[in-house]
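Subject: Structure handover and notes

Dear colleague,

I am passing on the structure we talked about, and I would be glad if you kept it open while you read. My notes come after it.

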Amino acid sequence: MGAELPERADAARNRRKILAAVRTLAASRGLDSISFDEVAAAAGVGVGTVYRRFGDKSGLAYALLDDSERALQTAFLQGPPPLGPGAPPRERITAFLHAYLDRLLAETDLLLAAETGAPTGRHTGAYAAHRAHLAGLAAQARPDADAGYLADALLAPLAAPLIVHQTRDLGMDRDRIRSGLDTLARALIPG
């Protein structure tokens, strides 16, 4: 495998135009209600360009989430404690769960579209980075345990469909969900 080629100027311009069109259309009607034909027309590109670049609505949703994902990863890799390095593992895990929940509540519909657009949609993209981060912290705190499994167990309650069910159907608020995440972290990871 060679190094990735830099994005061509016209491809970068088309990507920006497509994402701007999606943001505009999705803001008024939601991502689920727009078609690739509408996106292409609003962006002034061919529908094939949209499909080749993003594949499906899940790909569009992940592209729209890119900035907030980069900010989250920067925060847990390089930011101040407790989310960033320097705090004990369980504190960092709890801080990550809270930060992810906040992001999920702020971008619920986009994360829902990204996670449910394909059968394994949730477990592609950034999930691997989140899992690796939590597994590393779990391994520090629980060297006797299966750190990868613990990471998946910690991430499971942050699935967008579950959060939608909890908030919209069951009326749970941020504080109740955070409390549940804290209880789970304490049960799985010693202080």
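The notes below go through a few helices, some aromatic rings, two single residues and the nonpolar core. Please keep in mind throughout that the model is predicted.

Helix α2 may be a good place to begin. Its buried residues are F36, V39, A40 and A43, and because these cover an arc of only 95° around the axis, they sit on the same side of α2. On the other side of the helix you will find D37, A41 and A42, which are exposed. What do the buried residues of α2 pack against? Their partners are α1 (residues 9-29), α3 and α4 (residues 57-64). After the helix comes G44, a residue with a positive phi, near 75°.

F36 also leads to the aromatic rings, of which the structure holds three pairs. In one of them, F36 and Y51 have ring centres 4.4 Å apart and planes at 45°, and since an angle counts as tilted when it is neither under 30 degrees nor over 60, this pair is tilted. F36 belongs to helix α2 (residues 36-43), whereas Y51 belongs to helix α3 (residues 47-54), so the pair ties together parts that are 15 residues apart in sequence. With a relative accessible area of 7%, F36 is buried, while Y51, at 46% relative accessibility, counts as partly exposed. Elsewhere, F76, F96 and Y100 form one aromatic cluster.

Next, please look at helix α8, which runs over residues 127-141 and has 15 residues. From its first C-alpha to its last it reaches 21 Å, close to the 21 Å expected at 1.5 Å a residue. Its buried residues are Y127, H130, H133, L134, A135, L137 and A138, and what covers them includes α5 (residues 66-78), α6 (residues 89-106) and α9 (residues 147-155).

A141 lies in this helix as well, and at 22% relative accessibility it counts as partly exposed, because buried would require a value under 20%. Not counting residues up to four places away in sequence, A141 touches P89, I189 and P190. A141 and L162 are 21 residues apart in sequence, and their C-alpha atoms are 27 Å apart in space.

In the loop between α7 (residues 108-116) and α8 you will come across R122. Is R122 buried or exposed? At 12% relative accessibility, R122 counts as buried. The side chain of R122 reaches the backbone oxygen of L158 at 3.4 Å. If its neighbours within four places in sequence are left aside, R122 is in contact with Y62, E115, Y127, L155, A156, L158 and A159; among these, Y127 is also one of the buried residues of α8.

Finally, there is the largest nonpolar core, which has 51 residues, and the members that touch the most other members are I18, V22, I93, F96 and L97. The largest share of this core, seven residues, comes from α6. Leaving aside its neighbours within four places in sequence, I93 is in contact with L134, L137, A138, L154, A185 and I189, and of these L134, L137 and A138 are among the buried residues of α8.

With best wishes

Definitions and conventions. Residues numbered from 1 in each chain as written. Predicted model: local features only at pLDDT ≥ 70, side-chain atom pairs only at ≥ 80, totals over all residues. Heavy atoms only, no water. Phe/Tyr/Trp six-rings, centres within 6.5 Å; stacked < 30°, edge-to-face > 60°. Helix = DSSP H or I, 4+ residues; strand = E, 2+ residues; numbered from the N terminus. Buried < 20%, exposed > 50% of the residue type's maximum accessible area, 1.4 Å probe, protein only. Expected span 1.5 Å × (residues − 1). Contact = heavy atoms within 4.5 Å. Polar contact = N/O pair within 3.5 Å; in protein donor to acceptor, adjacent residues only side chain to side chain. Arc of directions from axis to C-beta. Core = buried A, V, L, I, M, F, W, Y, C linked by side-chain atoms within 4.5 Å.
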